Amino acid sequence: MQHRLAILDDYQDVAHGFADWAALEAEGVTVATFREPFPTAEALVSALADVTMVIAMRERTAFPREVLAKLPALQLLVTTGMANASIDVAAAAEQGITVCGTPGSPTAAPELTWALLLAIARNVPAEENSLRAGTWQTTVGFELAGKTLGIVGLGKIGRRIAGYGQAFGMEVLAWSQNLTAEAAEEAGARRVSKEELFRLSDVATLHLRLSERSENTVGEQELRLLGPEGILVNTARGPLVDQDALLKALTEGWIRGAALDVFDQEPLQAGHPLLAAPNTVLSPHLGYVTRESYRQFYGGAFEDVTAWLAGTPVRVITP
């Protein structure tokens, strides 16, 4: 059978530098790379009509039931990482599509989180822009030592962030719905209620997995509790925060500022109101965009494809 492989959302055109896709082509597999996001589900279905294998980069492209039903040729769907909320794994299984995951970097996202936190604390982007414009020292930043860090979601990433906070001399608080006091203490944090976390924290950072339960975890109440000197950091998923409430908080001064790597709709469109919002540091979902992470993602995806072609799929994700 002639297999066709589609590598989706390779925004930087780097996929071919992280795995030996030419080896697959030598075996008769047609490999196509797509750099631009698909504007509609119809465009996605049209592009993948005769594709048998797909590699999806995180959650950049969604594969809900209605899309999968229109892709009868699809047999293998690989997601980078071992979880992807944008893929209906149950529908894939019903359709006979094997879904596989890959390893990932445990440090890429936490490091980006801390980079954004430092950038907004010391006004680095604003000061760089003013320096390039010929102005010297226009803002006054703040130090992290002695401040309180609130972590919403103390999983693998959240625990690393707790360690960073301790290293910088911060008091570390944590909250999530199922977090125990013992688990928080093991990570070097103190478990508090959600209300206490936002009321007591100088910086609140989000590290929850997006689900129906976690959507809009941060709304007007939480932002007002964070207060006029508080900073919100979100490198997890955009919909964890009520975007309208966040825009009001920034423009009306409920909070000091926000550092964001994720958004409700990605890529963020030109003219989006967040681009003009004051006191923000924004990055284009760079949390996992490192050489080390891409070696894990694309290298793992290559392993998934070759293993599936050999009849011995690895890292299979089940409903």
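**Exercise 1. State how much accessible surface the protein chain has and what part of it belongs to carbon and sulfur atoms.**

Step 1. In this predicted model, the accessible surface of the protein chain is about 15200 Å², by the Shrake-Rupley method with a 1.4 Å probe.

Step 2. Carbon and sulfur atoms account for 50% of that surface.

Step 3. On the conventions, residues are numbered from 1 along each chain as its sequence is written, and side-chain values use heavy atoms, with hydrogens and water left out. Because the model is predicted, local features need pLDDT of at least 70 and side-chain atom pairs count only at pLDDT 80 or more, while totals for chains, interfaces and linings use all residues.

**Exercise 2. Determine whether the radius of gyration of the protein chain is that of a globular protein of its length or not.**

Step 1. The chain contains 12 helices and 12 strands; these are DSSP runs, helices being H or I with at least four residues and strands E with at least two, numbered from the N terminus.

Step 2. The radius of gyration, taken over C-alpha atoms, is to be set against the globule rule, 2.2 Å times the number of residues to the power 0.38.

Step 3. The value is 21 Å, close to the 20 Å that the rule gives for 319 residues, so the chain is as compact as a globular protein of that length.

Step 4. Of the 319 residues, 48% count as buried, meaning under 20% relative accessible area with a 1.4 Å probe, protein chains only.

**Exercise 3. Identify the elements that supply the largest nonpolar core.**

Step 1. A nonpolar core is a set of buried Ala, Val, Leu, Ile, Met, Phe, Trp, Tyr and Cys residues joined through side-chain atoms within 4.5 Å. The largest has 28 residues, and Leu-223, Leu-232, Leu-246, Ile-255 and Leu-274 have the most contacts inside it.

Step 2. At least two residues each come from strands E7, E9 and E11 and helices H9, H10 and H11. The largest share, 5 residues, is that of H11.

Step 3. Apart from this core lies another, of 26 residues, including Phe-142 and Ile-161.

**Exercise 4. Describe helix H12 and what its buried residues pack against.**

Step 1. H12 (residues 291–309) reaches 27 Å from its first C-alpha to its last, close to the 27 Å expected, which is 1.5 Å times one less than its number of residues.

Step 2. Among its buried residues are Phe-297, Tyr-298 and Trp-308.

Step 3. The buried residues of H12 pack against strands E1, E3, E4 and E5 and helices H1 and H5.

Step 4. Just after H12, Gly-311 has a positive phi of about 85°.

Technical notes
Buried means under 20% relative accessible area, exposed over 50%, partly exposed in between (1.4 Å probe, protein chains only). Contact means heavy atoms within 4.5 Å.
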